[in-house]
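Hi,

Here is the structure I said I would pass on to you. Have a look at it first, and then read my notes underneath.

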Amino acid sequence: MLRTYRAIVRTALSQSMEYRINFLISSSLGLIIGAAIHIFLWNAVYDAIDHPRIGAFDRKAMLFYIGCATLCSVLTRAYRKEREIAAEIRSGELNKYLIKPFSFFGFVASFSLGERLSGWAFLLIIAAVFGFPILYAANLSLSFAGICAAIPFLLCGMMLNFLFTLIVALLAFWFDEVWTFQVMKDLLLWFLSGQVFPMSVLPAPIQQIAHWLPFQYIAYVPATLMTGQQHPTELLPYFPVVLFHIGLLLLLAHWIWQKGLLRYGAFGG
Amino acid sequence: MKTVVRYLRLWGAFLQNCLMREMEFRSHFVLTFIMDILWYAVQLGLFEVLYLHTTAIAGFSHADMLVFLGTLYVTDAIDMVLFSSNFWRFPEYVRTGELDFFLLRPVHPAFSTMLRYVNIPSLANLLFAIGFLLFAISVHPDPFPLDHILAFLLFLALGTLVTYFLQLFFAALSIFLVATEGIQFVFYNISQLGDKPDVIYHRTFQRMLYTIFPLALIASVPAQVLLGKLTMLDIWWTIPLVAVLLWLTLRFFDFALRHYASASS
C-alpha cells in the first residue's frame, strides 16, 4: 500500500513541475509583496510612537517577525489538489477515485505532499536569496534551536491548512459553489494566524482565546520560534494541543466525507 | 455621442441578463455578499489592532483611516461589480478559444470582454461600502468642504479607470502567456499594494505607485483628496497621466489581439 502512495507522491511532484512558473510567480510575489506591505505598515507605526517597544517587540524584532510569519504562512498554505476536489465532486470526476483500491484521503494527502515538496524547495530558495542578505545587512540572525523547533509546528500548520481547505472543498456535496467559502477561510487565516501581527500585541483576553484556537500554529508559533522571540521549551506544552486540533479536524473531515458520499449522485465523470 | 449611448444600452442589456441569472442562484448572492463583508472586516480589524498601539499612522489618525477604508471599500466594490469577474474569466476565453465570439461582435472587445458580466451581489456590497464611508465621514471631527467632495468624486472616477486599464493590461498579457492562473495571481498580489495608504511606503516606492503602476490613484489619492491632505494643485498631473496610460493600454490590448491565435473550433 505504501508503494501506491509513494507513486502518487512522485506523480504529483512531476505534475507540479508543469506549473512551476505559475507557482514561482505567485509564491515569490505573495512572499515578497505580502511581507513588504506589512513591514512598511509596522514601520510607519513605529515612526509614530514615542516608545521603542510594542509588547515584547522593538522595531527590528517586529519587522523580522513579519518577514518570518509571511514565510511561514506561504509555506503552510493550501495547494491545488485539495481545492480541486470541489470541482471534481460537482463534475462527477470523483468517481475515478472511488473505484480505485486506495483511501481517498490517503490519495489527496499523498498528492498534496508531492505538490508541496517542489513548492517548499522553490520557496526556501527564494527566501534564502532575498532573506539572507537582509538578515546580514540588518545584523539579525535566525535561532538554530528555534528553527529546529519550528519545523514540527510548520508541519502541523501545513496539516491544519490542508484539513481546513479539504473540509471546505467537501462542502461541494451540498453547495454548487464553494470558492466563496475558500476565500472566507483564507481571509480568516490571514487575520487569525499571526501573519500580519503577532498575537501578543492583542488585548490579553483575546490572546487567551487565540491560544486555544488552531490558527496560530500556521504562522505565529513557528515565526516566534524562528526569530527567537519564544524559547522552544515555552511552546512545548502547545504541541499536544495542535495534535488534538489536527485529530479533531481529521474526524470532522471524515464525518463530512461519509455524509457527503450518501448524497453523492455520481453523475458525469 | 451616439456610440456612447449604444455602449450604455448594451451594458444595460448585460446588467439585465446578469440579474436574471443571479435570481436562479440566490445562495451565491448571499455568500458573495458575506465574503466581501468579511474582507472589509479583516481590513478594519488589522487597523483596529494597529491603533491599539498608536494614535496615528503616517499622518492618518484613526478617524482619517476610517475614511480611507470607506474609500477602499467603495473602490473595491465598484471593481467587483464591473470588472473583477470579467478579468478572472479572460484567460479562460483565451485558453478555450471563446475569445473568438467576442471578436466577431460589432463592439470593441476591450468593452465586451471586460464588462460582459455584472457582479450583482457586489451591488449590495457597494451600498454597504457607501454606507460605511458616510458613517466614517459623519464621525470624523473635521468638516468636509464641497470642493473636497467634488474633487473626491472626480478622483474616484479616475481610480475606477485605473482599475479598468490595469486589469485590461494583464488580460492582454494573458494572450501572450496563455498560462492562465499565473497572470491573475500576479495582478492580485501587486494590487494589494493599493490596499494601504501610499504614505506608509518608501518615497521611491510611492513614486512608482503614482506613475508606472498607479495603484495609489485607486483609493489612497481619492481618500487624501477628501481629507484635504492632497489638493488638486498637488495631483492635477495624474489626470493627463491616466488618459495617456489608458490610451497606451488600449493600444497594447489591440496589439495583443492581433497576435491572438484561436485555440479551438
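Let's start with the largest cavity, whose lining is made up of B:T75, B:I78, B:D79, B:F83, B:L156, B:G159, B:T160, B:T163 and B:I218. Two elements of chain B, α3 and α7 (146–177), each give two or more residues to that lining. By type, the lining splits into four nonpolar residues, four polar ones and one charged one. The space inside comes to about 30 Å³, and the count of cavities of 30 Å³ or more is one. In case you wonder how empty space gets found at all, rolling a probe the size of a water molecule over the atoms shows where it is left. Please keep in mind throughout that this is a predicted model.

Now for the pockets. The second largest pocket holds about 910 Å³ of space. It has 30 lining residues, and those closest to its centre are A:G67, A:C68, A:L71, A:A127 and A:G131. Which elements give two or more residues to this lining? They are α2, α3, α6 (104–137) and α7 (144–170), in chain A. The largest share comes from α6(A), with ten residues. As for the character of the lining, 27 residues are nonpolar, two are polar and one is charged.

Two of those central residues turn up again if you click on A:M226. This methionine sits in helix α10 (residues 220–226) of chain A. Is A:M226 buried or exposed? A:M226 is buried, because its relative accessible area is 10% and the buried class covers anything under 20%. Beyond its neighbours within four places in sequence, A:M226 is in contact with A:C68, A:L71, A:C72, A:L142, A:S143, A:G146, A:I147 and A:A150. So you can compare, A:C68 and A:L71 are also among the residues closest to the centre of the second largest pocket. If you want a distance to try out in your viewer, the C-alpha atoms of A:M226 and A:A44 are 24 Å apart, with the two positions 182 residues apart along the chain.

Next, the salt bridges. Side chains of opposite charge can pair when their charged atoms come close. Over all chains, the count here is six salt bridges, and I picked out three of them for you.

- A:D47 and A:R59 meet through their side chains, with 3.0 Å from N to O. A:D47 belongs to helix α2 (residues 20–48) and A:R59 to helix α3 (residues 59–75), both in chain A, so this pair ties together parts that are twelve residues apart in sequence. A:D47 is exposed at 54% relative accessibility, whereas A:R59 is partly exposed at 30%.
- A:K185 pairs with A:D186, and their closest N and O atoms are 3.0 Å apart. The two partners fall into separate classes: A:K185 is buried, with a relative accessible area of 8%, while A:D186 is partly exposed at 30%.
- B:E92 and B:R95 form a salt bridge with an N to O distance of 2.6 Å. Both are in helix α3 (residues 62–96) of chain B, and since they are three residues apart, about one helical turn separates them. B:E92 is partly exposed at 34% relative accessibility, and B:R95 is partly exposed at 46%.

Staying in chain B, have a look at B:T113, which is in helix α5 (residues 109–115). How much of B:T113 is accessible? Its relative accessible area is 0%, so B:T113 counts as buried. A polar atom of the B:T113 side chain lies 2.4 Å from the backbone oxygen of B:P109. Leaving out residues up to four places away in sequence, B:T113 touches B:N86, B:F90, B:Y93, B:L99, B:F102 and B:F253.

One last spot is about backbone angles. Most residues other than glycine have a negative phi. What is phi for B:A58? For B:A58 it is near 50°, a positive value in a residue that is not glycine. You will find B:A58 in the loop between β1 (56–57) and β2 (60–61) of chain B. B:A58 is partly exposed, with a relative accessible area of 30%.

Have fun clicking through it!

How values were computed. Residues are numbered from 1 along each chain as its sequence is written. Chains are lettered from A and ligands numbered from 1 in the order in which they are written. This is a predicted model: local features need pLDDT of at least 70, side-chain atom pairs count only at pLDDT 80 or more; totals for chains, interfaces and linings use all residues. Side-chain values use heavy atoms; hydrogens and water are left out. A salt bridge is a side-chain nitrogen of Lys or Arg within 4 Å of a carboxyl oxygen of Asp or Glu. Helices (H or I, at least four residues) and strands (E, at least two) are DSSP runs, numbered from the N terminus. Buried means under 20% relative accessible area, exposed over 50%, partly exposed in between (1.4 Å probe, protein chains only). On a 1 Å grid over the protein atoms alone, a cavity is a set of points where a 1.4 Å probe fits but cannot get out, and a pocket is an open set with protein on both sides within 12 Å along at least five of seven lines; lining residues have an atom within 4 Å of a point. Grid points are joined across faces, edges and corners, and a volume is the space filled by probe spheres set on the points. Ala, Val, Leu, Ile, Met, Phe, Trp, Tyr, Cys and Pro count as nonpolar, Asp, Glu, Lys and Arg as charged, and the others, Gly among them, as polar. A polar contact is a pair of N or O atoms within 3.5 Å; within protein, one must be able to donate a hydrogen and the other to accept it, and residues adjacent in sequence count only if both atoms are side-chain atoms. Contact means heavy atoms within 4.5 Å.
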